[in-house]
Amino acid sequence: MATITGPLSGDAKNTVAEALQGALVDLIDLSLIAKQAHWNLVGPHFRPIHLQLDELTDLARTHMDTIAERAVALGVNPDGRSATVARSTQLQQPERGWLEDGKVVATVTDILDGISKRMYERIRATDEADPVSQDLLIAVTQDIDKQHWMFQAQR
């Protein structure tokens with residue numbers, strides 16, 4: 001069986017692996033939550049929020065692929081299995097059933113705020129360990145912060 005190795009080892013590899021895995025879980029669950037809200041959204045602002053949730057889903061999916069592939073390039077196995085995401089997620093889960101548009105905006109705003117805070121922690125953790133992974137985390141955070149602002153402006 002082939003083995004993938006990368007340029008990092010020891011503590012640096014472990015630090016970056018933890019940061020990338022945490023980001024991956026956040027992004028996978030964000031994509032699932034955004035789609036769940038997208039499907040069950042109701043209210044007078046349905047159309048723009050419905051479309052915005054699709055944008056958020058696409059953003060999360062794009063970044064999760066980049067983050068997972070960076071982990072692989074470093075010789076780390078990304079774990080995006082549903083059981084891992086369910087066990088590891090820190091994201092607030094939406095209720096079952098129809099979701100009122102104002103409540104969706106509030107929930108997604110809070111979720112994005114939490115993800116942003118964790119991303120900044122990951123950026124700091126990877127500063128010396130791996131500037132390349134840090135750069136990817138910065139790009140994710142830039143997009144998360146922009147989405148946070150856009151949802152927050154609708155409150």
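Before anything else, one term: a residue is buried when its relative accessible area is under 20%, exposed when that is over 50%, and partly exposed in between. Keep that in mind, because Q147 comes in at 6% and therefore counts as buried.

Hi everyone, and thanks for coming. What you have in front of you is a predicted model. I'd like to start with the whole chain, go on to the helix pairs, and finish with a few single residues.

So, the overall layout. The protein chain has five helices and two strands. If you follow along the sequence, the order is α-β-α-α-β-α-α. Along its principal axes, the C-alpha atoms take up a box of roughly 55 × 30 × 20 Å. How does the radius of gyration sit with a compact globule? For 155 residues you would expect a value near 15 Å, and the chain has 16 Å, which agrees.

Two more figures for the chain as a whole. Of its 155 residues, 45% are buried. And if you take contacts with a separation of 6 or more, 83% of them join residues 24 or more positions apart.

Now to the helix pairs, beginning with helix 1 and helix 2. Their axes are 8 Å apart, and they pack at an angle of about 155°. With anything over 145 degrees counted as roughly antiparallel, that angle makes helix 1 roughly antiparallel to helix 2. As for handedness, helix 1 and helix 2 cross in a left-handed way. Sorted by class, their contact holds 15 nonpolar, five polar and four charged residues.

Next, helix 1 against helix 4. Here the axes lie 10 Å apart and the packing angle is about 170°, so helix 1 and helix 4 are also roughly antiparallel to each other. Who makes the contact? From helix 1, the residues include A19, A23, L27, L30 and I33, and from helix 4 they include I111, L112, I115 and M119. There are charged residues in there as well, among them D26 of helix 1 and R118 and R122 of helix 4. The class count for this contact is twelve nonpolar, two polar and three charged residues.

The third pair is helix 4, residues 101-125, with helix 5, residues 131-152. Their axes come within 9 Å and cross at roughly 155°. That makes helix 4 roughly antiparallel to helix 5. What is the handedness of the crossing of helix 4 and helix 5? It is left-handed. On the helix 4 side, the residues that meet helix 5 include V105, V108, L112, I115, M119 and I123. Facing them from helix 5 are, among others, L137, I138, V140, I144, Q147 and F151. By class, that contact has twelve nonpolar, seven polar and three charged residues.

Let's zoom in on single residues now. L27 is a nice one to click on. You'll find L27 in helix 1, residues 10-40. Is L27 buried or exposed? With a relative accessible area of 0%, L27 is buried. Leaving out neighbours within four places in sequence, L27 is in contact with A60, H63, M64, I67, M119, V140 and I144. Take M64 from that list: L27 and M64 are 37 residues apart along the chain, yet their C-alpha atoms are separated by 5.6 Å.

Back to Q147, the residue I opened with. Q147 lies in helix 5. Setting aside residues up to four places away in sequence, Q147 touches Q52, E55, L56, L59 and L112. L112 is also one of the helix 4 residues that meet helix 5.

Then there is A68, in helix 2, residues 46-73. A68 has 16% relative accessibility and so counts as buried. Beyond residues up to four places away in sequence, A68 touches L24 and P78. A68 and K13 are 55 residues apart in sequence, and their C-alpha atoms are 14 Å apart in space.

Last one: M150, again in helix 5. Its relative accessible area is 30%, so M150 is partly exposed. M150 and M1 are 149 residues apart along the chain, with 46 Å between their C-alpha atoms.

That's my tour. Thanks for listening, and I'm happy to take questions.

How values were computed
Residues numbered from 1 in each chain as written. Predicted model: local features only at pLDDT ≥ 70, side-chain atom pairs only at ≥ 80, totals over all residues. Heavy atoms only, no water. Axes fitted to C-alpha atoms, helices over the stretch in contact; angles between N-to-C directions. Parallel < 35°, antiparallel > 145°, perpendicular 65-115°, else oblique. Left-handed = near helix turned anticlockwise from the far one by under 90°. Contact = heavy atoms within 4.5 Å. Nonpolar A, V, L, I, M, F, W, Y, C, P; charged D, E, K, R; others polar. Buried < 20%, exposed > 50% of the residue type's maximum accessible area, 1.4 Å probe, protein only. Rg over C-alpha atoms; globule rule 2.2 N^0.38 Å.
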